Amino acid sequence: MERYILSDKEGVLVKKILFVASEAVPFIKTGGLADVVGALPKCFDKKEYDVRVIIPKYLCMKEEYKNQLQYVTHFYMDIGYRREYVGIMQMEYEGIQFYFIDNEYYFSGYQPYGEIRFDIEKFAFFSKAALSVLPVIGFRPDLIHCHDWQTGLVPVYLNDSFQQGEFYRGIKTVMTIHNLKFQGTWDIKTVRQITGLPAHFFTPDKMEAFKDANLLKGGLVYADAITTVSNTYAEEIKTEFYGEHLEGLMQARSNDLRGIVNGIDYDEYNPQTDKFIVKNYNAKNFRKEKVKNKLALQRELGLEENPKAMMIGVVSRLTDQKGFDLVNYVMDELCQDSIQLVVLGTGEERYENMFRHFAWKYQGKVSANIFYDNGLSHRIYAASDAFLMPSLFEPCGLSQLMSLRYGTLPIVRETGGLKDTVEPYNEFENTGTGFSFTNYNAHEMLGIIRYAEHIYYDKKREWNKLVDRAMARDFSWANSAKQYEEMYDWLIGK
Ligand code: GLC
């Protein structure tokens, strides 16, 4: 193990870990993946792990950070029949070294992702470039941790041409699934041209799936270990319903597949110190103070100003995954109740319009904010009494963790990470941190929302004890980072 650097003071072996991902907070974010890639590297024991991150340098990155990037160097890389510019930029952020791959042809869109054919080419380029820059920046990781389909080709390339160089031999890989639904598939002929990978990779035991080439599958086949972001989801993806046609592979690799639940950044999400909210509060004084955030938000969004009205929050990508067809189905019924609903997020047009419609129909009761605003999301977590997340599937889910932290009780469907992190209220045993329902059924959801309303309006003391328990839960990264460390140690030691 001579390749470890001995840290001078304590003589501990420093393991070098590289994260490769398509997004990371604070630079660029479209979903929870960015939160994880931004927060997790900070949580490893610095004495033992040197964790660095590579992401693309998108033109649509936040301006304030783009201006701070330092140019390192550039070179040209062969991929398929092409020869592409690879620029390297870098920046240290909160103690973590970030590298950015620059190529204006690929990364100048208004958003990180667009048309899938081009995205596949974009992330094939990115995956190969991420490996190619390593000798140039002088960082030889012991392990590369890849995230989602965009980086699925990293383990594949590592098994191909990069094997010829001594530098790369023996590097271990982990593939984390944040969402199995997105796999990066396209016809084999095109993907062969794009990637320059030889034909033998495109067989059903490797990158082929149902006649197409599948980038995520490549990563899942070649990675030394696979993780996903909760235990329940790790089990679910071995079944047909959740397996997105890869359940066979998940079963086959079940010995190398484990769930490690996500955490959230407890400094960033802290009702005691949060700069975005009107009134700070904590587990001791929420009974008096939290409601002030509700009143302020009602004013801000033009809702009826009533401290007693039960406010339900939704902060989400507005996609099928999140269960909004259930909401659509029973919204008129729900709005007969004395509740308020505050929505924040963007996504599929039909859900954007659906919430706009109900905000118009139930003015003063429903507020639809069809955009993304980080500050407003914090104010919704702080102001709401409950948080609705009826997902069809949910690998982990982060907003329910943020809600728990703010004493806002999650109402969730029992799937994936929601099942693992929200304990349903049991009124006989005085346990639980939220409310949940089992079947993907609109009236089952409405039933549980109404049960929550009943506790909120008629048993306020019980409700507040639920909040006590919710705020006492610990979903910071510490525990999960330990599990990743153990896995890294085991893989590197193999
Ligand atoms: C994806 C999943 C979500 C998970 C997040 C981070 O966005 O849909 O459940 O929390 O990735 O892992």
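This note goes through an annotated domain, two individual residues and one pocket of a predicted model.

1. The UniProt record, an unreviewed entry, places the feature "domain: Starch synthase catalytic" at residues 16-251. In the predicted model the C-alpha atoms at the two ends of residues 16-251 lie 30 Å apart, and the span is made up of 31% helix and 28% strand.

2. For "binding site", UniProt lists K29, again in an unreviewed entry. In the model K29 is found in the loop that runs between β2 (13-20) and α1 (32-39).

3. As to its surroundings, K29 has a relative accessible area of 37%, and because the partly exposed class runs between 20% and 50%, K29 is described as partly exposed. When neighbours within four places in sequence are left aside, K29 is in contact with E23, A34, D35 and Y372. With D35, one of these residues, there is also a polar contact, in which the side chain of K29 meets the side chain of D35 at 2.9 Å.

4. A second loop residue that may be examined is Q68, which lies between α2 (63-66) and β4 (70-79). The relative accessible area of Q68 is 42%, so that Q68, too, is classed as partly exposed.

5. The side chain of Q68 has a polar atom that lies 3.0 Å from the backbone oxygen of E64. Once neighbours within four places in sequence are set aside, the residues in contact with Q68 are Q90 and M91. For a sense of separation across the model, Q68 and E333 are 265 residues apart along the chain, and their C-alpha atoms are separated by 51 Å.

6. The second largest pocket holds about 300 Å³ of space, and its lining consists of 17 residues. Of these lining residues, V291, D385, Y456, K460 and N464 lie nearest the centre of the pocket.

7. Three helices, α10 (286-301), α16 (442-458) and α17 (460-472), each supply at least two residues of the lining of the second largest pocket. The largest share comes from α10, which gives 5 residues to this lining.

8. Sorted by class, the lining of the second largest pocket has 8 nonpolar, 3 polar and 6 charged residues. A colleague inspecting the pocket in the model might begin with the residues nearest its centre, among them D385 and K460, and then turn to the part of the lining that α10 supplies.

Technical notes: Residues are numbered from 1 along each chain as its sequence is written. This is a predicted model: local features need pLDDT of at least 70, side-chain atom pairs count only at pLDDT 80 or more; totals for chains, interfaces and linings use all residues. Side-chain values use heavy atoms; hydrogens and water are left out. UniProt positions are given in the numbering used here, feature names are shortened, and annotations may be inferred rather than shown by experiment. Helices (H or I, at least four residues) and strands (E, at least two) are DSSP runs, numbered from the N terminus. Buried means under 20% relative accessible area, exposed over 50%, partly exposed in between (1.4 Å probe, protein chains only). Contact means heavy atoms within 4.5 Å. A polar contact is a pair of N or O atoms within 3.5 Å; within protein, one must be able to donate a hydrogen and the other to accept it, and residues adjacent in sequence count only if both atoms are side-chain atoms. On a 1 Å grid over the protein atoms alone, a cavity is a set of points where a 1.4 Å probe fits but cannot get out, and a pocket is an open set with protein on both sides within 12 Å along at least five of seven lines; lining residues have an atom within 4 Å of a point. Grid points are joined across faces, edges and corners, and a volume is the space filled by probe spheres set on the points. Ala, Val, Leu, Ile, Met, Phe, Trp, Tyr, Cys and Pro count as nonpolar, Asp, Glu, Lys and Arg as charged, and the others, Gly among them, as polar.
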